[in-house]
Amino acid sequence: MASIDRRVFQHFDWLLFALVWSVVAIGLANLFSATHAGAEGRLPTEFKRQLIAVAIGASAMVVVLLIDYRRLERWAPALYVGALLLTASTLVLAPVTRGNRSWLVYGSLSLQPAEFAKIGLVLMMARYFHRHPPGRLNRLRDLFGPGLILAGPVGLILLQHDLGVAVLTLLIGATYLLFVRIPARAWVVIGAAALGALAGLWTFGFKDHQRKRILDFLDPTRDPLASGYQAIQSRIAVGSGGLTGQGYLDGPQTQLQFLPTQHSDFAFSVLAEEWGFIGCSVLLMLYLSVLVWGLVVANNSKDGFGSMLAIGVVGMLFWPAVINVAMVLGLAPVIGVPLPLISYGGTQVLANLIALALLMNVSMRRYIF
Amino acid sequence: MSHLAGTDLPIDGRLRLFAALLGAAFAIFELRLFQLQIVDADELREQALRNSVRTERLDAQRGEIVDREGRVLAKTRSAFELDVVPSDLQRRDVTFAALAQLLEREPAELVAQVGNPRGIARFRPVRLVGDLDEVQLARVETHRFALPGVSTRVRPLRHYLDGSIAAHVLGTLGEIRGDQLEQEHFADYRSGDIIGQTGLESILEPQLRGRSGGRNVMVDAAGREVQVLDEIAPETGSRVVLTLDLDLQRAAWDAFHDVPEGEPPKMGSAVAIDVRNGDVLVMLSQPTFDPNLFSGGIDSASWKALTGDEWDPLRNRAIQNHYPPGSTHKVIVAAALLQEGVVDAHSRAFCPGFFRFGGRTYRCWKREGHGSVDMHKAIQQSCDVYFYTFGVQLGIDKLANIAKSFGLGQATGIGLAGEATGLVPSSEWKQRRFGERWYPGETVSAAIGQGYNLYTPIQLAVSYAAIASGQLVEPRLVQRVESSEGVKEMPPSQSKPVAVSPEHLALVRRGMTAVVEEPGGTGGRARVPGVKVAGKTGTAQVVQLQHTEGMKETDIPIRYRDHAWFGAFAPADAPEIAVGVFVEHGLHGSSGAGPVAQRILARYFEKRGMTPPPKQVAGPARQEAPRGVD
């Protein structure tokens, strides 16, 4: 590995570092509260596993920081293809869990390669847009290239029958649309295609329970004991948090386990119940700060690859965070999307820490030419 | 204007747009959080509370029912039930096999009982056994740790210590019915509550029930109790002291069950009351049932057996059935004859064995006739002709008025549900009932208790008590109610004088004493050594004579056999206790009902120290009385 410029560490982005690790710490504390009720005095298994994932993530972060991100531009195609192959391997190797094949299991280790596919996608997109600056893309057909890059992981994830992650991946790729210059006509075409895809999804893509979730979202009292149950219980948990919360480890909804999947998809409602409006606002502000800082990093980057990479990382965090929080607050249907760094899920934590390490990488090398 | 390096993009354009989008999204979240956590917080917090706090009622223990000497007749004991929580079962097959062995039942039967509940029902306990015996309990408890999901639980179970001995008086428990839940006085009951449904259990429900307590429990999403938040202890129901005397009740029971081997117990009823205050000492109805069957919820097979029984064991014959009184009515007629001046002690009638009236012939039970008969002999030997002769002169309406003053033809006020009124006919009644005038010939039958007259067994006891004391007293079953707030004595029974003067009653009593104590009387079977007993036999024809004419008594189908009555009081000159006995299809008052009254009286005076305990007579003591003796 090439020698590392001393200046890199002088410009280390301590702010971003502090923001990220604050979120991780909140996530761990929250996970402990969400799971300790059922653990009868022992350290909850989920908590231990998450702790291990965070430790691995921290090491991965160090490794990623040591590599100059510009080198990654060259490696991007290899990483992209590697991630795709890993994802594809689930189609052959993975057992079917909860109706989809998205987990690689080896002993007690399990991995969700789709999370890494997102990183591969972001790297590849950043490389593409570095070489074809989005400011110059002004015809619909210019989007063919990035569309192809996006189609790879999205297609594979669809084959795994993991619709939620596929849509999420699509949205991450679509983030770059903000930066292209295409005429209004093209937007109409894209909008029509999106609507068509949605209609197609509704008819062919969604399973009955998924359609039901969306209907239940539109009217939660339709079936208060089924998927509406989660939405109602989540609303109750969030609301009963009040201004200052019920207190850590003291939220009745959480500790009496009225919230389904409270450690994973509904982790935010645990936080809301126990820490109240103030606690939620703190976490949301931390998130917003990370995301906006990501945009600042994109702005300050000295090359296009760095900018585009930063934007991709922001998108990678933004979409699941927004969808998850909207779901917990009853603003979106119940979709199984975890809250980055907060929800239980080792691969998610690992992948997001690596992505954030890429962001720090871009940030600390902004003066290096 | 600065550009994103190498992208030809103005940063104040797209990046700011992106930042603005981020800001907008998070602003919406903040607004939504404000709405839920500040505006709706109270309401949602309340919903959270309703989610997790369950208010449970703690049922009070039902009060005891004891006899006049404090002997427990009904109490609530702890029964151990065996529950299975399906969600907690591990290795179902092994658990059920083990349970089957411990309970000595078939595994398949247990599996079927638990079934395969789904959803939230999996967390609800299923009751496998309602009342474990000691051996089963010990076995299950010993192996509990090897049987996850199996638990034993204590629950209150009503227990009637003497089983069916006073079943009709004590009554039964049962789940509250839908129509009851809608009634005002069941306002604080809920579906599934066990309440008194019949007998005293029903009448005394407010006293016996006690006051339930309650507690708030925190439960988790699966409904498991996590913590008790607060608790108000329940208050045990009152202890009710009855007027019944268990010894005498047993004596009556024994008398009804004292039958030759292989024969079913006698059917009918016995009632004994204290002449002086109306305390009901005995109230027995046969056939009977085991009220314990109802305590834990009666199973459908037992219920069908009880309701399908042709002799209707659930019916309290002491108060719910009325029958023609037969000759027991003659003492009331005698009192009326004296009071209305139709006869005096010396008036005589000649009995040739029949009486002609209105072109019809009415027979005396004694075909060869009683000869010249005065009142004393007429009562003693139950001469029909004497009462035919003078009854016609008295007239039905004067007889009815006096009969009513003895409590006949009206409910006694015992306070149990479904009491029959009996019937005392009058010309006004007949006009109302049939739209027809009263014929003097009907008075002839009424004078010997064979017309329209109907008595309940308790009316017999009450009217004979009135002959004994001159006072019609309201019978009562409850002496006092003892609760934590103190002892509440029931008010003494109301009584009012009968419409017959004391000297006339004394004359009737003398005749009744002769029935039992003098040779030639029809009630010799009721004699009690050391005590003078007064009484009167009665036989009520069930079907017209021609159906049974010429048949041997034992060949007559049970349904066609005559009913037997015996009313008595003692001691004859200072009466304390009056007894009314009715034996359904018992053939003769003298032999069918007399011995039952004797057993009750003997036991009473034995307890009073007035007579030695009866010697046990070996062998079948029953003698067939000559057919038709009354």
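In the predicted model examined here, helices α4(A) and α6(A) of chain A pack at an angle of about 15°, with their axes 9 Å apart; the angle falls under the 35 degrees that bound this class, and the two helices are therefore roughly parallel to each other. The crossing in which α4(A) passes α6(A) is left-handed. On the α4(A) side the contact is formed by A:Leu84, A:Thr87, A:Ala88 and A:Leu91, and on the α6(A) side by A:Gly152, A:Pro153, A:Leu156, A:Ile157 and A:Leu159. Sorted by class, the residues of this contact comprise seven nonpolar and two polar ones, with no charged residue.

Helix α4 of chain A, which spans residues 69–93, is itself bent by about 60° at A:Trp75, and a proline, A:Pro77, follows within four residues of that position. The buried residues of α4(A) are A:Tyr69, A:Leu72, A:Glu73, A:Ala76, A:Tyr80, A:Ala83, A:Leu84, A:Thr87 and A:Thr90. Two of these buried residues, A:Leu84 and A:Thr87, also belong to the set through which α4(A) meets α6(A).

The partner helix α6 of chain A, which covers residues 144–159, contains a proline, A:Pro146. The surroundings of A:Pro146 hold 21 C-beta neighbours inside 10 Å, and because a residue is classed as buried at 20 or more such neighbours, A:Pro146 counts as buried. Leaving aside residues up to four places away in sequence, A:Pro146 touches A:Met125, A:Tyr128 and A:Tyr176. A further spatial relation links A:Pro146 with A:Leu121, from which it is separated by 25 residues in sequence and by 9.8 Å in space, taken from C-alpha to C-alpha.

A second helix pair in chain A shows another arrangement. Helix α7, residues 163–174, and helix α13, residues 304–328, pack at an angle of about 135°, with their axes 9 Å apart. This angle lies neither over 145 degrees nor between 65 and 115, and α7(A) and α13(A) are therefore oblique to each other. The crossing of α7(A) past α13(A) is right-handed. The residues that make the contact are A:Leu168, A:Leu171 and A:Ile172 from α7(A), together with A:Gly315, A:Met316, A:Trp319 and A:Pro320 from α13(A). By class, six of the residues in this contact are nonpolar and one is polar, whereas none is charged.

Elsewhere in chain A, the backbone at A:Leu249 has a phi near 65°, a positive value in a residue other than glycine. A:Leu249 is situated in the loop that connects α10 (227–240) with α11 (252–255) of chain A, and with 14 C-beta neighbours inside 10 Å it counts as partly exposed. In chain B, a positive phi of about 50° is found at B:Asp312, which is likewise not a glycine. The loop that holds B:Asp312 runs between α12 (300–308) and α13 (317–320) of chain B, and B:Asp312, with 14 other C-beta atoms within 10 Å, is partly exposed.

Chain B comprises 23 helices and 25 strands, and of its 630 residues 44% count as buried. Among the contacts in chain B with a separation of 6 or more, 73% are accounted for by residues 24 or more positions apart. Two cis peptide bonds may be described in this chain. One joins B:Gln286 and B:Pro287, with omega about -5°, and B:Pro287 is placed in the loop between β14 (280–286) and α11 (292–295) of chain B. Another joins B:Ala570 and B:Pro571, with omega about -15°, and B:Pro571 lies in the loop between β24 (563–570) and β25 (577–584) of chain B.

The contact between the two chains takes 34 residues from chain B and 41 residues from chain A. On the side of chain B that touches chain A, α1 (14–39) and α2 (41–52) of chain B each supply at least two residues, and the largest share, 16 residues, comes from α1(B). In terms of residue class, this side of chain B consists of 21 nonpolar, six polar and seven charged residues.

Notes. Residues numbered from 1 in each chain as written. Chains lettered and ligands numbered in written order. Predicted model: local features only at pLDDT ≥ 70, side-chain atom pairs only at ≥ 80, totals over all residues. Bend = angle between axes of the 7 residues up to and from the residue. Buried ≥ 20, exposed ≤ 12 C-beta atoms within 10 Å, placed from the backbone. Contact = placed C-beta atoms within 7 Å. Nonpolar A, V, L, I, M, F, W, Y, C, P; charged D, E, K, R; others polar. Axes fitted to C-alpha atoms, helices over the stretch in contact; angles between N-to-C directions. Left-handed = near helix turned anticlockwise from the far one by under 90°.
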